[in-house]
Amino acid sequence: MVHSHMFSRDAVPGGEQHLSTRVWVALVLVLTTIGAIVAPLRIVLGDDLIPHTVLLDALLTLLFTADIAVNAGESKRTGLPYGRFLLVADCVAAIPLFLIPGFSWLLCLRLFKLARVARAMGAWRQQHLHRWNALRLVYFVYWLAIAVHWLATGWLSLRGIYPGGDRWTLYLHSLYWCISTITTIGYGDITPANNAQIVYAIVVMIFGVGMYGYVIANISTIIGNLQPARTRYLANMEKLGAFMRSREIPPAMQRRIRDYYGYVWEHRLGYDETSIVQGLPPGLLVEVSLFLKRDIIQKVPFFKEAGEELIREIALVMQPVVYTPGDTVFHAGEPGDDMFFISRGQCEVIGTDGRTVVATLRGGDFFGEIALLEHRPRSASVRAATYCDLYRLDKESFERVIAKFPEFAAHIGAKSAGRREGTGGPGPRRPASR
Ligand code: CMP
């Protein structure tokens, strides 16, 4: 007997199924599918078609009986009802049919177990809504393959069994007829010869037309949606191209705009991180923010040693921004409303003469702190030398954080003092090229 506590879900965060539950469900589904394939074949082509059928029957009966116990235990534990139809389907499928000789058609009852497959598919759909299009495609192919197999065995039963003939070749011919009829190809090399076969062929043709319509209507959409980010990006780029042409934006500027979107696409799949994260509940928001900003947290030496509380506070308020090569982040003399941490790329600090590169800052460096600490205008201009992924900390949050965490204020202050004395710039002094 299989004990239901072995299959508990609660040990795993996020309601994910325990590994043993997943293995069990997979086993039941695989054997159900094998049963659904083998049963009609045995009914039509004879019980001796496959060796060791008694063993297979015994195994299926044992497994399906154990599955009832497992499902009953799960439903008791989770409080979710078993479901009358599922209970009946599970019980019917678990009847030891192989003990009733001479009634091979009773094997059909085992197909009731497919209700479990449908139920599992529904559950996966709920758990993996973000992969719904890929799953839809898989489910469609699964049910279509089962339906085609059944229709092919149905056709085989109408053509009669030829004693001593190669039964697998017969099945192959039936499958070939079925697929060519369903796909509306219809070569006409295998044709119905009596009324029953004509009626059956009509049914399969109608099914085929319905299938064909479904495929045409859905598959292209499903495949198109498999890469939603890419589809969205391409559509946006097309819209952007039309807009830029209509507004006669100069080609060089057009190229920069395209390059920017290309960069954002490459590094963030074109998603606006902030707007996606903002919709999350507070607890999850902190965790996701920390995870998304782990690059900057690992790069800034001070953050690596900082306490968890400070990191959390800062991760929540830092906003990602992208600058393209040549963009000015701010000009000398402007009032300072924020400071920046560099996650990726290089920024140049330009002296007040507007030409000299005082310092080149890289991933892990920060800038814009002097104006905030000393409440005075920007002491220099800062320009992006390459594509730059920066994190922006606004003045209000900065003041709140330094008030709460003196060690942060001390670190920023020390680095800032070095810069004011002209020692903090890690990069070479050279005239600005732009
Ligand atoms: P802030 O004065 O707000 O704006 C310009 C920023 O450039 C300044 O803050 C510093 O963060 C940065 N900065 C100024 N001088 C240097 C320097 N010598 N080395 C590195 N960074 C500097």
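Which side chains meet in a salt bridge at 2.7 Å, N to O? They are those of E348 and R383. E348 belongs to strand β4 (residues 347–350) and R383 to strand β7 (residues 381–384), so this salt bridge ties together parts that are 35 residues apart in sequence. Both partners are buried: E348 has a relative accessibility of 7%, and R383 has a relative accessible area of 8%. The model in which this pair appears is a predicted one.

The wider setting comes next. The protein has 434 residues, and 40% of them are buried. Its secondary structure consists of 17 helices and nine strands. Taking contacts between residues at least 6 apart in sequence, 71% join residues at least 24 apart. The accessible surface of the protein is about 24,100 Å², and carbon and sulfur atoms account for 63% of that area.

The structure holds 18 salt bridges in all. Side chains of opposite charge can pair when their charged atoms come close. One of the bridges joins D67 and R116, with an N to O distance of 3.9 Å. Here too the link is between distant parts of the chain, since D67 sits in helix α2 (residues 53–78) and R116 in helix α4 (residues 114–127), 49 residues apart. D67 counts as buried because its relative accessibility is 2%, under the 20% limit. R116 falls under that limit as well, at 12%, and is therefore buried. This pair does not stand by itself: D67 and R116 are linked with D90 and K113 in a network of salt bridges.

A further bridge leads towards the ligand. The side chains of E369 and R419 meet at 3.1 Å, N to O. E369 is in helix α15 and R419 is in helix α17 (residues 406–420), so the bridge connects parts of the chain 50 residues apart. At 1% relative accessibility, E369 is buried. R419, at 19%, is also under the 20% cut-off and so counts as buried.

E369 has a second role in this description, as one of the residues that come nearest to the ligand. There are 17 residues around the ligand, and the nearest are G368, E369, A371, R378 and S379. Three of these can be followed at the level of atoms. A backbone N or O atom of G368 is 2.8 Å from a ligand oxygen. For A371, a polar backbone atom lies 3.0 Å from an oxygen atom of the ligand. With R378 the polar atom belongs to the side chain, and its distance to an oxygen atom of the ligand is 2.9 Å. The ligand would expose 460 Å² if taken alone, and the protein buries 96% of that area. Two elements each give two or more residues to the shell around the ligand, namely β5 (356–361) and α15 (369–374). Sorted by class, this shell contains 10 nonpolar, four polar and three charged residues.

Three other positions complete the tour. T181 is placed in helix α6. With a relative accessibility of 10%, T181 is under the 20% limit and therefore buried. Apart from neighbours within four places in sequence, T181 is in contact with G186, A201, V204 and M205.

A193 gives a contrasting case. This residue is in the loop between α6 (167–182) and α7 (195–225). Is A193 buried or exposed? Its relative accessible area is 69%, which is over 50%, so A193 is exposed. The C-alpha atoms of A193 and L158 are 9.9 Å apart, while the two residues are separated by 35 residues along the chain.

The last position is S397, in helix α16 (residues 395–404). S397 is buried, its relative accessible area being 5%. The side chain of S397 makes a polar contact of 2.9 Å with the side chain of D394.

Notes
Residues numbered from 1 in each chain as written. Predicted model: local features only at pLDDT ≥ 70, side-chain atom pairs only at ≥ 80, totals over all residues. Heavy atoms only, no water. Near = heavy atom within 4 Å. Polar contact = N/O pair within 3.5 Å; in protein donor to acceptor, adjacent residues only side chain to side chain. Areas by Shrake-Rupley, 256 points an atom, 1.4 Å probe, with all protein chains shown as cover. Helix = DSSP H or I, 4+ residues; strand = E, 2+ residues; numbered from the N terminus. Nonpolar A, V, L, I, M, F, W, Y, C, P; charged D, E, K, R; others polar. Buried < 20%, exposed > 50% of the residue type's maximum accessible area, 1.4 Å probe, protein only. Contact = heavy atoms within 4.5 Å. Salt bridge = Lys/Arg side-chain N within 4 Å of Asp/Glu carboxyl O.
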